[in-house]
Amino acid sequence: MKILVATSDNYSFLVEPYYTLFNKYWPGQEIVFLGFDEEKVPPLPENCSFHSLGKQADFGSLWTDPLIPYIDSLEDEYFVFTVEDVMLMEPVDLERVALLENEIKNNGASKALLDTHLNHSTFPYKEGLRVMRGDAEYRTTLHPSIWKKEYFQKYLKPGMNAWDFEVKNMQQSFNDGAIIISLDQKEDLYSTSNVYRKGVPFPRYDCHRPYGSSSEEVNMEDINFILEFVRKNELPA
């Protein structure tokens, strides 16, 4: 199962901490970074590759337009999709990944959330699983998820930025007939830290979780590792 990671020229310095932590906590996966200027990307380990989507300046703030040709070209029927500033911070339970992946593979679901942040909008489905309500908000969330290719394509419309993808698609995704599942547990299968929020890196002291962590516990060794890259590559205000 491919792990597709969207990045940009401004945040390509996060590719190295991203793959370092990912390979630490979920080793052996095929990771494809989807970005623009390959010269801005550091050398990659054997399990990682980089695909240029073109010149970023040609697309401005549009997020979907450069992605559409790549997704259309994929032969894979499903994949994990995420972004470069959402860093994996804890080991992944492979049995639970397989539970979600098998539902996708066997056409039991169109999307599987790897975290549980929307479980308040779900109800019991099968053993160990929950299913999202048809009228739930953020059915098209870009939180780390396994997507059926055809379901991702359905909402990957031209002329959208990432926020549009999540929010403008919300109404259209209501009661669209797709089964979206998550694990029936309190802890996330895929615990992360969100490095940037609206262009501001962690630590964000005005937030309940200043390091953008999806779990209550924070691994400061990993956080400090990420911060080394952030501080060396501080973006202009």
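This passage describes the fold, the aromatic pairs, the unusual backbone sites and the packing of two helices and one strand residue in a single chain.

The structure is a predicted model, and the chain contains seven helices and 13 strands. For a chain of 237 residues, a compact globule would be expected to have a radius of gyration near 18 Å, and the value of 17 Å computed here agrees with that expectation. Along the principal axes, the C-alpha atoms occupy a box of roughly 45 × 40 × 35 Å. Of the 237 residues, 52% are buried, and the accessible surface of the chain amounts to about 11,800 Å², with carbon and sulfur atoms contributing 48% of that area. When contacts between residues at least 6 apart in sequence are considered, 70% of them join residues that are at least 24 apart. The charged side chains comprise 23 positive and 38 negative groups, and the centres of these two sets are separated by 5 Å.

Aromatic side chains form a total of 18 pairs in the model. In one of these, the ring centres of W63 and F81 are 5.8 Å apart and the ring planes meet at 90°, so that the arrangement is edge-to-face, an angle over 60° being required for that class. Because W63 is placed in the loop between β3 (48-52) and α2 (64-73), whereas F81 belongs to strand β4 (residues 78-83), this pair ties together parts of the chain that are 18 residues apart in sequence. Both W63 and F81 are buried. A further aromatic pair is formed by F152 and F165, whose centres are 5.5 Å apart and whose planes are inclined at 45°, which places the pair in the tilted class. Since F152 lies in helix α4 (residues 149-155) and F165 in helix α5 (residues 162-167), the pair ties together parts that are 13 residues apart in sequence. The relative accessible area of F152 is 0%, and this residue is therefore buried; F165, also with a relative accessibility of 0%, likewise counts as buried. The four residues of these two pairs are members of one aromatic cluster, which is formed by W63, F79, F81, W147, Y151, F152, Y155 and F165.

The backbone was next examined for unusual geometry. In general, most residues other than glycine have a negative phi, and most peptide bonds are trans. Against this background, the peptide bond from F202 to P203 is cis, with omega near 0°, and P203 is situated in the loop between β13 (200-201) and α7 (220-232). A positive phi of about 65° is found at N107, although this residue is not a glycine. N107 is located in the loop between α3 (94-105) and β6 (111-113), and its relative accessible area of 60% means that it is exposed, the threshold being over 50%. N175, which is not a glycine either, has a positive phi of about 50° and lies in the loop between α6 (170-173) and β10 (180-183). With a relative accessible area of 60%, N175 is exposed.

The packing of two helices was then considered. In helix α1 (residues 15-25), the buried residues are V15, P17, Y18, Y19, L21, F22 and Y25, and the elements that cover them include β1, β2, β3, β4, β5 (86-88) and α7. In helix α2, burial extends to T64, P66, L67, I68, Y70 and I71. These buried residues of α2 pack against the strands β1 (2-6), β2 (30-35), β3 and β4, and also against the helices α4 and α5.

Strand β2, which takes part in the packing of the buried residues of α2, contains V32. The relative accessibility of V32 is 4%, and because burial requires a value under 20%, this residue counts as buried. Apart from neighbours within four places in sequence, V32 is in contact with K2, I3, L4, V5, S49, H51 and Y70, the last of which is among the buried residues of α2. V32 and N47 are 15 residues apart in sequence, while their C-alpha atoms are separated by 8.6 Å in space.

Definitions and conventions:
Residues numbered from 1 in each chain as written. Predicted model: local features only at pLDDT ≥ 70, side-chain atom pairs only at ≥ 80, totals over all residues. Heavy atoms only, no water. Helix = DSSP H or I, 4+ residues; strand = E, 2+ residues; numbered from the N terminus. Rg over C-alpha atoms; globule rule 2.2 N^0.38 Å. Buried < 20%, exposed > 50% of the residue type's maximum accessible area, 1.4 Å probe, protein only. Contact = heavy atoms within 4.5 Å. Areas by Shrake-Rupley, 256 points an atom, 1.4 Å probe, with all protein chains shown as cover. Lys, Arg positive; Asp, Glu negative; His and termini not counted. Charge placed at Lys NZ, Arg CZ, Asp CG, Glu CD. Phe/Tyr/Trp six-rings, centres within 6.5 Å; stacked < 30°, edge-to-face > 60°.
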